[in-house]
Amino acid sequence: MERAWHRAVASGALPAIPAGTEPPAVEVERPADPAHGDLASNLALRLARPCRRAPLEIAAAIAAELAREIKAARVSEQEPEQDSAQGPEQGPEPGSGPAVNPLAAVEVAPPGFLNLRLADAALEATLERILAEPASWGRVAAAEPRHVNVEFVSANPTGPLHIGNARGAFVGDLLCRVLEAAGHRTTREYYFNDFGAQVRNLGASVLAVRTGAPVPDDGYHGDYVAELAGGLPGDVLEAADAAGDPAWAVGVWASERVRAGIEASLARLGVRFDVWKSEGSLYREGWVEQAVERLAAAGQLYDQDGALWFRSAAFGDDKDRVVRKSNGDFTYFGSDIGYLVEKFSRGFDRLVYIWGADHHGTVARLRNAAEAMGFSKAAVEVLLVAWVRFVREGHEVSMSKRAGEFITLDDLLSEIGADPARWFFGSRGPSSAIDFDIELAKKQSNENPVYYVQYAHARIASILRKAAEADLGPAGRLVGSGLLTGGPEATLARAVVRLPEVVEDAAAAGETQGLTAYATELATTFHAFYRDARVVDPAEPDRSRLRLALVEAARITLANALGLLGISAPASM
RNA sequence: GCGCCCGUAGCUCAGUGGAUAGAGCGUCAGGUUGCGGACCUGAAGGUCGUGGGUUCGAGUCCCGCCGGGCGCGCCA
């Protein structure tokens, strides 16, 4: 497209852009209406102003250049086509045929759109590649591969994960999955507090239950506290007493138990972490100290009222922020800056933090501190995940970990299952607030779109089983087969080949709604194909094999799209 | 009061400045002597909270207003 534009300028058909004006980006998109072709570009519309020409005129000039290219490519294709006609077995490797021009036709549409149609051979070559390398289908190479640290969940281990934590867990996991599919490396990280007052608080609560004393009002009251108390080994208790600070010692033991439970719950969701980072280690290893030194060296710290402050306001924050309190303890923010230094020391290109929207007030200080310490502010991104309002039978479910009033993640999974839960969160933008009615989710689980997509996959798997019984298998050679020359095949094939661009868009946006929407669309397209085209027909073995190849490509695409979402693709259901 | 997020079909939500604003659920009316009916076809349903502005073009960008959520600690 860009080449054609430049050639049109070179040949004098179009005026050059006046010097000093920014040339418009060449945008090619997928039109909503199939009548507008497979691809469309608004280039001519964008050029109208700088060129001072009517959009239709510009579009016509570019279209003429594109048409010339298509014609030239068609001529050069003739020989290889004759070769393959002599013997299919000697054809080139699937998908690695001659570089065919992917375009078949170009049209100009008012007010100046350029509508392009893909060549059948290009589509068929793509289908061949899907069948030849199913595992890599949908994975794309990043123009600039990055190593991205994604920190998420990071709930303190003072109680089991509850459904309020669920969204962050899914959003972080999904982000990592799409980044990896788009050619980036990720490190999934869980950050937790292992030395603060809440650990002692938890220990005191467990101890109280164990000894039959009343749990302090500001202690933890959930059933899990009683379970911990019951499971507390005698030797730990004795050692705790001997150490002189039993609440602390029991707290350390209990919080590790809770942390391991959290890890197990997340594993049930299909969420795993590469690094479990404790806040205490940031102090023991001197990272907080290093961060303070860096800020001090940059002149961004000062003392006031006995506390140590960071000049966050100098970087655009509302006010300065305390790093170390007057009592000598570091604030949570103090830990954060140490963590920044520690993370950057591991060589990440990007640090993504996934936080609840209620933490938005702390975003500025974190990014400002990164800048003040000499790191790239742009490399530090905070993805704020909006609140989920959990509702049960019309009433909001309030949750308080200390009061022990919450629905655990494990409960949620038992009630509605991991696949529907993943679909629910994956199909919504992370920044939009959503209602989650648990009863409704249970009731509607049979109507959940995730089953619609899975059903399409299972149906194809069933077709393939049927085909095997009839000794029919997918054809291996599709280019030039005539598979797409008419009817429902072309529609399905065009839907199938879109996966990589959907993945690219999802990775660029860091969101997965496009992926669930695409999976639904592909399933719909397949179901329509199934209605219109009989796949397994022993009377037509050649056509059956071609359709089997197409349907198998669709199955792979559905499975990979679901896989990207962490959702299973069953062969029967 | 200041800052951030949000407002799209009855409900739950999509919608990188582009062509007639979409999906699922719900509602209504239909469909299979064939590979899985957890399927398919069609219909009804919208002043995109509101008023201006920018643009060839605005649900999308800018400003004001209305409504809702969150934040504004030497808490975590």
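This is a short talk on how the protein in this model surrounds RNA strand B, with a stop at one glutamate, E521.

Okay, so first, keep in mind that this is a predicted model. Let's start with the RNA. There are 56 residues around RNA strand B, and the ones that come nearest are R49, S432, D435, Y452 and R459. If you look at what the strand offers in return, sugar and phosphate make up 61% of its atoms that come within 4 Å of the protein.

What sort of residues are we talking about? By class, that surface has 23 nonpolar, 20 polar and 13 charged residues. And which element gives the largest share? That's α17, with nine residues. Other elements supply at least two residues each, among them α2 (43-51), β15 (434-437) and α20 (513-532).

Now some individual atom pairs. On the sugar side, the side chain of N193 has an N or O atom 3.4 Å from a sugar or linking oxygen of RNA strand B. The bases get some attention from the backbone too: a backbone N or O atom of A533 sits 2.8 Å from a base nitrogen of the strand, and for M573 a polar backbone atom is 3.2 Å from a base nitrogen.

Last stop, E521, which you'll find in helix α20. Is E521 buried or exposed? Well, neither: its relative accessibility is 42%, so it counts as partly exposed. Its side chain makes a polar contact with the side chain of R498, at 3.0 Å. And E521 and V453 are 68 residues apart along the chain, yet their C-alpha atoms are separated by 8.9 Å.

Note on methods: Residues numbered from 1 in each chain as written. Chains lettered and ligands numbered in written order. Predicted model: local features only at pLDDT ≥ 70, side-chain atom pairs only at ≥ 80, totals over all residues. Heavy atoms only, no water. Near = heavy atom within 4 Å. Polar contact = N/O pair within 3.5 Å; in protein donor to acceptor, adjacent residues only side chain to side chain. Helix = DSSP H or I, 4+ residues; strand = E, 2+ residues; numbered from the N terminus. Nonpolar A, V, L, I, M, F, W, Y, C, P; charged D, E, K, R; others polar. Buried < 20%, exposed > 50% of the residue type's maximum accessible area, 1.4 Å probe, protein only.
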